[in-house]
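Work through the exercises below with the sequence and the three-dimensional view open side by side. Each task is followed by a solution that proceeds in steps.

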Amino acid sequence: MKLTLEGIQNRKEWEEKGYSLPQYDIAEMRKATKENPFWIHFGAGNLFRAFHANVVQNMLNNKDLDRGLVVAEGFDYEIIEKMYAPHDNLGIVATLKADGTIDKTVVASVAESLPLDSNNESAYARLKEIFTNKSLQMATFTITEKGYSLVNGKGEQLPDITGDFVDGPEKPASYMGKVTSLLYARFKAGELPIAMVSTDNCSHNGDKLYAAILAFAKAWAENGKAEKEFVEYIDSNKVSFTWSMIDKITPRPDASVEKNLLNDGVEELDPVITSKNTYVAPFVNAEETEYLVIEDNFPNGRLDLTKGGLMFTDRDTVDKVEKMKVCTCLNPLHTCLAIFGCVLGYNKISDEMKDEELVKLVETVGYKEGLPVVVNPGILDPKEFIDTVLKVRVPNPFMPDTPQRIATDTSQKLAIRFGETIKAYASADNRNVADLKLIPLVFAGWLRYLMAVDDAGNAFELSPDPLLDTVCPYIEGFKLGETKDATEIEATLKPVLENDKIFGVNLYEVDMAEKVCGYFNEMLAGVGSVRSTLKKYL
Ligand SMILES: NC(=O)c1ccc[n+]([C@@H]2O[C@H](COP(=O)([O-])OP(=O)(O)OC[C@H]3O[C@@H](n4cnc5c(N)ncnc54)[C@H](O)[C@@H]3O)[C@@H](O)[C@H]2O)c1
Ligand SMILES: O=P(O)(O)OC[C@@H](O)[C@@H](O)[C@H](O)[C@H](O)CO
């Protein structure tokens with residue numbers, strides 16, 4: 001059983017093994033999509049394949065759509081070369097249910113996959129052709145939070161960005177430069193309307209995309225590389241930068257799922273860790289639960305994607321629902337488990353949900369510290385949401401999610417995942433930041449994590465994070481078994497603790513720095529001291 005257009009011709013063979021196959025004419029769908037694309041996605045990683053592409057597949061099956069999607073990959077071209085091209089853009093989605101069964105679907109909704117690479121003339125020309133097509137309604141993104149950044153960890157502009165600002169839209173090297181050059185082509189084609197929809201886990205994600213693209217438009221206009229009307233176009237109601245909230249736990253492709261598919265007879269499933277550190281395979285594995293709530297602002301109209309389960313609402317509701325998920329009911333709890341999971345030697349998130357202290361930790365951070373300051377968005381109930389996260393989704397033993405995946409880019413996530421709660425306590429008349437006992441423990445846990453030595457005293461590898469080079473030097477002087485006096489710790493860690501980009505607040509200004517240092521010192525005492533610190537405070 002080969003995962004190619006030819007390989008799935010023998011439908012009976014796949015269906016006998018329980019695979020759901022596309023119920024539409026793939027060639028016809030691809031032709032229609034190429035002629036009149038309506039949806040392009042940037043970021044060909046796992047979430048896109050498990051969620052966006054699967055939604056479109058379901059809608060194609062139900063005849064709610066007649067066209068699929070185009071995907072562009074602008075950071076890690078290996079994903080296209082190694083996973084999309086050899087499999088004719090097909091992918092297997094393995095949905096891991098809480099009862100242990102796996103739904104297996106061959107998804108064929110990706111009509112075209114293209115590297116967003118300005119050195120690849122034909123692919124770039126094709127992308128411009130897509131962007132100048134009147135039919136295009138939306139561009140979605142899953143490129144991680146750092147994908148929108150124009151600066152490095154020290155706040156310095158990235159060299160590619162500086163070069164692109166000067167050189168203009170002809171041949172940009174940076175991701176956002178490339179995306180802006182496609183929008184420039186759309187502007188030149190008659191200021192055609194479009195919705196730019198970030199579906200990354202960052203607060204007010206649409207604003208991040210807008211800020212990056214606007215910076216390019218302004219720089220190009222200032223440097224005589226684009227008309228000033230291009231800036232007006234980006235700022236006009238012809239181009240929207242909608243906010244969204246996305247939710248579907250999508251772990252990296254897992255060996256147990258690969259084995260299951262191999263046992264069915266599916267061939268050539270080898271996962272790859274690309275040179276840019278993306279974990280990809282011809283299949284993706286994800287949970288069943290999914291939410292995609294999007295601000296309903298589509299200047300070129302939109303098809304009725306509610307039939308695929310997407311929810312459309314106003315910006316204020318998206319804001320509330322995103323805050324509920326990203327700042328309280330899911331992602332902070334994930335980060336607690338990621339940090340302490342790595343330090344306590346766990347390799348599976350669901351196993352951590354059998355650990356008495358860790359369960360108490362996430363319950364307290366979630367229900368006691370976070371939930372009281374959450375605003376109910378109305379369309380999803382925060383209490384029910386967190387209940388399902390902690391009782392069904394995260395403990396699902398069939399989900400091969402790892403603390404190491406979630407620990408990726410922690411420095412980029414602490415501010416939104418915990419900082420908003422701290423700010424809410426600081427600004428409420430009836431609350432006190434000092435009542436937050438465990439959020440500072442998690443911050444201390446992160447500093448302890450950065451030592452890259454687990455609670456048993458063994459070295460482990462830190463997950464990739466753009467700030468490692470910036471923050472690790474402050475941690476270098478600390479050794480397991482060597483506690484220090486409080487002033488010494490604070491003096492060393494001050495530049496980190498006062499960095500509001502990392503924590504969302506300056507920890508000194510909210511009187512939390514001392515508490516974090518105290519916890520950190522306790523966790524330094526020796527082998528087992530992370531566990532004993534958790535026991536002491538939980
Ligand atoms: N996996 C999940 O459970 C999940 C759930 C909800 C939201 N998300 C959001 O989706 C994002 C992607 O998740 P995924 O599971 O697809 O990850 P993935 O590792 O499978 O794919 C990451 C994607 O981002 C791109 N990327 C990485 N670094 C980049 C950079 N510096 N600039 C531009 N592009 C870059 C990669 O090329 C790839 O396309 C997450 O960062 C998060 O914001 C993920
Ligand atoms: O994807 P990230 O890197 O923002 O965060 C890791 C996980 O917390 C995240 O992917 C969750 O699985 C996801 O947000 C669930 O919807």
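Before the first exercise, one cut-off is needed: a polar contact is a pair of N or O atoms within 3.5 Å. Keep in mind throughout that this is a predicted model.

**Exercise 1. List the residues around ligand 2, identify polar contacts of its oxygen atoms, and explain where ligand 2 lies with respect to the domains.**

Step 1. Begin with the shell, which is made up of N201, D247, K248, I249, K325, L330, N331, H334, R405, I406, K413 and R417. Sorted by class, these residues comprise three nonpolar, three polar and six charged ones.

Step 2. Look next for polar contacts, for which the pair of atoms must be within 3.5 Å. The side chain of N201 has an N or O atom 2.8 Å from an oxygen atom of ligand 2, and the side chain of N331 likewise places an N or O atom 2.8 Å from an oxygen atom of ligand 2. For H334, a polar side-chain atom is found 2.8 Å from an oxygen atom of ligand 2.

Step 3. Consider how far the ligand is covered: on its own, ligand 2 has 390 Å² of accessible area, and the protein covers 82% of it. The elements that contribute two or more residues to the shell are α13 (331–343), α17 (403–406) and α18 (410–427).

Step 4. Finally, assign the shell to domains. Because domain 1 (7–313) and domain 2 (316–537) both give residues to the shell, ligand 2 lies between them.

**Exercise 2. Characterise the surroundings of ligand 1, starting from the residues that come nearest.**

Step 1. There are 23 residues around ligand 1, and those that come nearest are N46, E73, D200, N201 and T250. By class, the shell holds eight nonpolar, nine polar and six charged residues. N201 is also listed in the shell around ligand 2.

Step 2. Examine the contacts in turn. The side chain of E73 has an N or O atom 2.6 Å from an oxygen atom of ligand 1, and in the side chain of D200 an N or O atom is 2.8 Å from an oxygen atom of ligand 1. With I143 the partner is a polar backbone atom, which is 3.4 Å from a nitrogen atom of ligand 1.

Step 3. Taken alone, ligand 1 exposes 820 Å², of which the protein buries 85%.

**Exercise 3. Give the strand order of the six-stranded sheet, and state which strands are at its edges.**

Step 1. The six strands follow the order β6-β3-β2-β7-β8-β9 in an open sheet, and their pairing is parallel.

Step 2. At the edges are β6 (110–115) and β9 (239–242), each of which pairs on one side only. From one strand to the next, the twist averages 20°.

Step 3. For one pair within the sheet, take β7 (residues 138–141) and β8 (residues 194–198), which are joined in the parallel sense over four bridges; here M138 has A195 in β8 as its bridge partner.

**Exercise 4. Describe the sheet that contains β10, β14 and β15.**

Step 1. This open sheet has three strands in the order β10-β14-β15, with mixed pairing. Its edge strands, β10 (244–247) and β15 (311–313), each pair on one side only, and the twist averages 15° from one strand to the next.

Step 2. Between β14 (residues 291–295) and β15 the pairing is parallel and runs over three bridges, with E295 standing opposite T313 in β15.

**Exercise 5. How do β1 and β4 pair with β5, in the parallel or the antiparallel sense?**

Step 1. Strand β1 (residues 19–20) pairs with β5 (residues 102–107) in the parallel sense over two bridges, and Y19 stands opposite K104 in β5.

Step 2. Strand β4 (residues 91–96), by contrast, runs antiparallel to β5, to which six bridges join it; L96 stands opposite I102 in β5.

Step 3. The hairpin of β4 and β5 has five residues between the strands, and G100 takes a positive phi near 95° in this hairpin.

How values were computed. Residues are numbered from 1 along each chain as its sequence is written. Chains are lettered from A and ligands numbered from 1 in the order in which they are written. This is a predicted model: local features need pLDDT of at least 70, side-chain atom pairs count only at pLDDT 80 or more; totals for chains, interfaces and linings use all residues. Side-chain values use heavy atoms; hydrogens and water are left out. A residue is near a molecule or strand if one of its heavy atoms lies within 4 Å of it. A polar contact is a pair of N or O atoms within 3.5 Å; within protein, one must be able to donate a hydrogen and the other to accept it, and residues adjacent in sequence count only if both atoms are side-chain atoms. Accessible areas come from the Shrake-Rupley method with a 1.4 Å probe; for residues, only the protein chains shown count as cover. Ala, Val, Leu, Ile, Met, Phe, Trp, Tyr, Cys and Pro count as nonpolar, Asp, Glu, Lys and Arg as charged, and the others, Gly among them, as polar. Domain bounds come from an automatic or database domain assignment. Two strands pair if DSSP finds at least two bridges between them. Axes are lines fitted to C-alpha atoms, for helices over the stretch in contact, and angles run from 0 to 180 degrees between N-to-C directions.
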